[in-house]
Amino acid sequence: MAMLKRITRSRPVQAALGALLAGYLRLVRATSSVATDPPDLYETAGGLMPVIVAMWHGQHFMVPFARRPQDPAAALVSRHGDGEFNALALNRLGIRAVRGSGARERARMHEKGGVAALRELLKALAGGELVVLTADVPKVSRRCGPGIVTLARLSGRPVVPVAVVSSRRIDFRSWDRASIGLPFGRIAMVVGEPVFVPRDAGEAALEDARLAVERGLDAVHTRAYAMIGSADPGARGHPQQQA
């Protein structure tokens, strides 16, 4: 098993996996119909660019569909070994990968590359790139952490909750209830209200912003799944979430 893990995490194998994933996601996008809410979401979001795109863990396969080819973008990807082929796939899809992740314990932020990643994301926003990152920290599904609102406060850019789901998909029984679309489905893409965080926001204002992002993400997921006639398997209280 140790040898197999070393092989699968080797650079050539990771590069091949990344290429396969990117190609597969292009196939899903090309063979699926797309409905958006609001219908003019790109016109509405255009005036806010660059924005901080917020997603829940488990949406990382689908959210790249929301980016227009002309929008420069960077995405936060874990330094974990499994993050490598995700980063390579994103690069093939035109999204620059920034390696690092948040942590439940503030002391582990340096260890996971969170501090360096925060600096890189600030540079990306200042340079006109939209940035994409999960709002919840690893292993704590669908509870917004402080990192994304801190980025919004430091950068002055708004957080925009986004959900992208498909009527034909595989739902994994992972902690984050990850899903990946299948070809020939109906994709719903929903963008919520932007959350602005003042630069002088104190602890109470940051908590209000964190809760607003959390509520916004729950709302866009509820709306997106309703548009395809389905229930969100990752929603609080859903039978799969309780399993």
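Q: Where do I start with this model, and how many helices and strands does the protein have?
A: A good habit is to take stock of the secondary structure. Here it comes to eight helices and nine strands. Keep in mind that this is a predicted model. Of the 243 residues in the protein, 44% are buried.

Q: What share of the contacts in the protein with a separation of 6 or more comes from residues 24 or more positions apart?
A: That share is 72%. As for the outside, the protein exposes about 11,900 Å², and carbon and sulfur atoms supply 58% of that area.

Q: How do I read a sheet, and what is the strand order here?
A: The general idea comes first: strands of a sheet pair through backbone hydrogen bonds, either parallel or antiparallel. In this structure, seven strands form an open sheet with mixed pairing, in the order β1-β9-β6-β2-β5-β3-β4. Its edge strands are β1 (33-37) and β4, each of which pairs on one side only. On average, neighbouring strands of this sheet are turned by 25° against each other, direction ignored.

Q: Which strand does the edge strand β1 run parallel to?
A: β1 runs parallel to β9, and five bridges join the two. To find the register, look for Val 34, which stands opposite Ile 187 in β9.

Q: Is strand β3 largely enclosed or open, and why?
A: To judge a strand, check how many of its residues are buried. For β3 (residues 73-77) that is four of the five, so the strand is largely enclosed by the rest of the structure.

Q: Which strands pair with β3?
A: One is β4 (residues 95-99), which pairs with β3 in the parallel sense over five bridges. There, Ala 74 has Arg 96 of β4 as its bridge partner. Another is β5 (residues 130-134), also parallel to β3, over three bridges. In that pairing, Ala 75 is matched with Val 132 of β5.

Q: Now the helices. How do I read α5, and which of its residues are buried?
A: Begin with length, then look at the sides. Helix α5 (residues 114-126) has 13 residues and spans 18 Å from its first C-alpha to its last, close to the 18 Å expected at 1.5 Å a residue. Its buried residues are Gly 114, Ala 117, Leu 121, Ala 124 and Leu 125. They cover an arc of only 95° around the axis, which puts them on the same side of α5.

Q: What lies on the face turned away from the buried side of α5, and what covers the buried residues?
A: The face turned away carries the exposed residues Arg 119, Lys 123 and Ala 126. The cover over the buried residues includes β2, β3, β4, β5 and α6. Just past the end of α5, Gly 128 takes a positive phi of about 95°.

Q: Which strands does α6 lie across?
A: α6 lies across β2, β5 and β6, and runs at about 170° to β2. Helix α7 also packs on the sheet, touching β1, β2, β6 and β9, and its direction makes about 25° with that of β6.

Q: How many residues does α7 have, and which of them are buried?
A: α7 (residues 203-227) has 25 residues and reaches 36 Å between its first and last C-alpha, close to the 36 Å expected at 1.5 Å a residue. Its buried residues include Ala 209, Arg 210, Glu 214, Leu 217, His 221 and Tyr 225. The buried residues of α7 pack against β2 (52-55), α6 (147-155), β6 (159-166), β7 (169-171), β8 (179-181) and β9 (186-191). Just after α7, Gly 229 takes a positive phi of about 70°.

Methods:
Residues numbered from 1 in each chain as written. Predicted model: local features only at pLDDT ≥ 70, side-chain atom pairs only at ≥ 80, totals over all residues. Heavy atoms only, no water. Expected span 1.5 Å × (residues − 1). Buried < 20%, exposed > 50% of the residue type's maximum accessible area, 1.4 Å probe, protein only. Contact = heavy atoms within 4.5 Å. Pairing = 2+ DSSP bridges. Areas by Shrake-Rupley, 256 points an atom, 1.4 Å probe, with all protein chains shown as cover. Arc of directions from axis to C-beta. Axes fitted to C-alpha atoms, helices over the stretch in contact; angles between N-to-C directions.
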